[in-house]
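Biologist: Before I use any labels for this model, I want to hear the reasoning behind them. Please set each value against its cut-off.

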Amino acid sequence: YLRFGGVPDTSAGSIDTEKLALTPDSTARGVAVQINELATPTAALTIIGGETAHVTVAGDGTTSIPLLARYIHTGAITPATANASLPLDIITE
């Protein structure tokens with residue numbers, strides 16, 4: 001299974017664990033990044049707090065992890081560079 005990490009967005013004054021904060025080198029304002037499973041694009045993954053996604057490995061050892069990343073409005077927008085990082089752990093048992 002996969003366990004997601006990352007820095008949560010705090011632009012609204014509280015910790016939002018469904019949105020990734022922009023990386024320090026980003027100059028845009030008013031946006032964050034949301035990660036969704038492709039099969040359920042309207043349901044955001046919780047990036048902090050141990051939410052996991054289970055994946056199936058094919059007989060040949062390959063797998064696909066269908067995720068979707070999108071920008072989410074969080075305040076007054078300043079257009080510029082907007083990057084985020086989503087670390088993930090792959091756990092096998």
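Modeller: A polar contact is a pair of N or O atoms within 3.5 Å, where one atom must be able to donate a hydrogen and the other to accept it. Keep in mind that this is a predicted model.

Biologist: What makes the pair D9 and S11 a polar contact?

Modeller: The side chains of D9 and S11 are 2.8 Å apart. The cut-off is 3.5 Å, so this distance falls within the limit. D9 itself lies in strand β2.

Biologist: Why is D9 said to have no salt bridge?

Modeller: The nearest side chain of opposite charge is K19, 5.7 Å away. A salt bridge needs a side-chain nitrogen of Lys or Arg within 4 Å of a carboxyl oxygen of Asp or Glu, so D9 and K19 do not qualify at 5.7 Å. D9 is nevertheless buried.

Biologist: Which residues does D9 touch, apart from neighbours within four places in sequence?

Modeller: The contacts of D9 are S14, I15, D16, K19, L20, A21, A32 and T74.

Biologist: How do you know that K19 and D16 form a salt bridge?

Modeller: Their side chains meet at 2.8 Å, N to O. With a limit of 4 Å, the pair therefore counts as a salt bridge. The count by this rule is one.

Biologist: Why are K19 and D16 given their accessibility labels?

Modeller: K19 has 17% relative accessibility, and buried means under 20%, so K19 counts as buried. D16 has 22%; partly exposed lies between 20% and 50%, so D16 is partly exposed.

Biologist: What makes β2 and β3 a pair?

Modeller: Two bridges join them, and pairing requires at least two, so the condition is met. The strands run antiparallel, and P8 stands opposite L20 in β3. β2 and β3 form a hairpin with six residues between them. In the turn, G13 has a positive phi of about 95°.

Biologist: How do you know that β4 and β6 pair?

Modeller: Eight bridges link them in the antiparallel sense. At least two are needed, so β4 and β6 count as paired. Within this pairing, V33 stands opposite Y71 in β6.

Biologist: Why is β4 called mostly covered?

Modeller: Seven of its nine residues are buried. Buried means under 20% relative accessible area, so that limit is what those seven meet.

Biologist: Which residues make up the largest nonpolar core?

Modeller: The core has 11 residues: L2, F4, L20, L22, A28, V31, V33, I35, L45, I47 and A82. Two or more of them come from each of β1 and β4. β4 gives the most, with three residues. One core member, A28, is in contact with L22, T78, A80, T81 and A82, leaving aside neighbours within four places in sequence.

Biologist: Why is R70 called partly exposed?

Modeller: The relative accessibility of R70 is 33%. That value sits between 20% and 50%, so R70 is partly exposed. R70 is found in strand β6.

Biologist: What makes R70 and Q34 a polar contact?

Modeller: Their side chains are joined at 2.8 Å, so the 3.5 Å limit is satisfied. Q34 is also among the residues that R70 touches, including A32, V33, N36, P41 and T42.

Biologist: How do you know that T23 and D25 make a polar contact?

Modeller: The distance between their side chains is 2.4 Å, which is within 3.5 Å, so the pair counts. T23 is found in the loop between β3 and β4. Beyond its neighbours within four places in sequence, T23 is in contact with N83, A84 and S85.

Technical notes:
Residues are numbered from 1 along each chain as its sequence is written. This is a predicted model: local features need pLDDT of at least 70, side-chain atom pairs count only at pLDDT 80 or more; totals for chains, interfaces and linings use all residues. Side-chain values use heavy atoms; hydrogens and water are left out. Helices (H or I, at least four residues) and strands (E, at least two) are DSSP runs, numbered from the N terminus. Buried means under 20% relative accessible area, exposed over 50%, partly exposed in between (1.4 Å probe, protein chains only). Contact means heavy atoms within 4.5 Å. A nonpolar core is a set of buried Ala, Val, Leu, Ile, Met, Phe, Trp, Tyr and Cys residues joined through side-chain atoms within 4.5 Å. Lys and Arg count as positive and Asp and Glu as negative; His and the chain ends are not counted.
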